[in-house]
Amino acid sequence: MLNIKSILISIIFLFLYNVVSCQEDEKTKIGWSGRYKIESYGKNKKDSLNIQYGIIEKTLNAKVEDIVRKYETDLVRWNMITQTGSQKDSVLLRRFLMNEEFNEYEEFGWTELYKSGKMKCLDGGHFFLCKTTVDNKVKIGEEEFIATTGIFGIVLHKGLFEFTKID
């Protein structure tokens, strides 16, 4: 009898958890979570012998007291884990700021893309990751490229990478 009570309580708890998580702010549900294949883009692809894999997971929101004031307007965070051989790295990701004070899309000329829902980016400190429409032509400075998978990243001193979501 005690086991049935425990199972029933667990089922109720899981149901309530799912109901609450479904009511999250729509902005947090842009589909970043998942497994990705990460490859160098274009001519660098030939030079890259190692394909990396990464996992992006929604993580706990940042605490206001732990971050710089500038980032207090958006506390939603993701964690990205990559593995190359036996080395595993983890990076905390935050959305690009877009508010009255700060517009991180402006530097790249992507403000209108963001406003129209065609570009969303995450910042990981030494790199950033963006989602756009599949086969969208993206301009960065004087250069353009086609985001064939719709997901790309730029790593400081390493260049452009394409992400393919595998689940």
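A residue counts as exposed when its relative accessible area is over 50%, and this cut-off is the one needed for Glu-101 in the second legend below, in a model that is predicted.

**Figure 1. Overview of the predicted chain and its secondary structure.** The protein chain contains 3 helices and 10 strands, and these elements follow one another along the sequence in the pattern α-β-α-β-β-β-α-β-β-β-β-β-β. Of its 167 residues, 31% count as buried. Among the contacts with a separation of 6 or more, 41% are accounted for by residues 24 or more positions apart.

**Figure 2. Close-up of the salt bridge between Arg-69 and Glu-101.** The closest N and O atoms of this pair are 3.2 Å apart. Because Arg-69 lies in the loop between strand S2 (52-59) and strand S3 (77-84), while Glu-101 belongs to the loop between strand S4 (87-95) and helix H3 (111-115), the salt bridge ties together parts of the chain that are 32 residues apart in sequence. Glu-101 has a relative accessibility of 54% and therefore counts as exposed.

**Figure 3. Close-up of the salt bridge between Arg-95 and Asp-74.** The N to O distance between these two side chains is 2.7 Å. Here, too, distant parts of the chain are linked, since Arg-95 sits in strand S4 and Asp-74 in the loop between S2 and S3, 21 residues apart. Both Arg-95 and Asp-74 are buried.

**Figure 4. Further salt bridges, including the pair Lys-137 and Glu-144.** The side chains of Lys-137 and Glu-144 meet with an N to O distance of 3.9 Å, and both of these residues are exposed. A network of salt bridges links Arg-94, Glu-104 and Asp-123. Searching the whole structure gives 6 salt bridges.

**Figure 5. Close-up of Thr-149 and its surroundings in the loop between strand S8 (143-147) and strand S9 (151-155).** With a relative accessibility of 26%, Thr-149 counts as partly exposed. Leaving aside residues up to four places away in sequence, Thr-149 touches Val-134, Glu-162, Phe-163 and Thr-164. A polar atom of the Thr-149 side chain lies 3.1 Å from the backbone oxygen of Ile-151. Between Thr-149 and Asn-136, which are 13 residues apart in sequence, the C-alpha to C-alpha distance is 9.0 Å.

**Figure 6. Close-up of the largest pocket, with about 510 Å³ of space.** The pocket is lined by 20 residues, of which Gln-52, Thr-82, Thr-84, Val-155 and Lys-158 are the closest to its centre. At least two residues of the lining come from each of strand S1 (34-40), S3, S4 and strand S10 (159-165). By residue class, the lining divides into 7 nonpolar, 10 polar and 3 charged residues.

**Figure 7. Close-up of two loop residues with positive phi, Asp-135 and His-157.** Most residues other than glycine have a negative phi. Asp-135, in the loop between strand S6 (127-132) and strand S7 (136-140), has a phi near 65°. The phi of His-157 is likewise near 65°, and His-157 is placed in the loop between S9 and S10. His-157 counts as exposed, with a relative accessibility of 80%.

Technical notes:
Residues are numbered from 1 along each chain as its sequence is written. This is a predicted model: local features need pLDDT of at least 70, side-chain atom pairs count only at pLDDT 80 or more; totals for chains, interfaces and linings use all residues. Side-chain values use heavy atoms; hydrogens and water are left out. A salt bridge is a side-chain nitrogen of Lys or Arg within 4 Å of a carboxyl oxygen of Asp or Glu. Helices (H or I, at least four residues) and strands (E, at least two) are DSSP runs, numbered from the N terminus. Buried means under 20% relative accessible area, exposed over 50%, partly exposed in between (1.4 Å probe, protein chains only). Contact means heavy atoms within 4.5 Å. A polar contact is a pair of N or O atoms within 3.5 Å; within protein, one must be able to donate a hydrogen and the other to accept it, and residues adjacent in sequence count only if both atoms are side-chain atoms. On a 1 Å grid over the protein atoms alone, a cavity is a set of points where a 1.4 Å probe fits but cannot get out, and a pocket is an open set with protein on both sides within 12 Å along at least five of seven lines; lining residues have an atom within 4 Å of a point. Grid points are joined across faces, edges and corners, and a volume is the space filled by probe spheres set on the points. Ala, Val, Leu, Ile, Met, Phe, Trp, Tyr, Cys and Pro count as nonpolar, Asp, Glu, Lys and Arg as charged, and the others, Gly among them, as polar.
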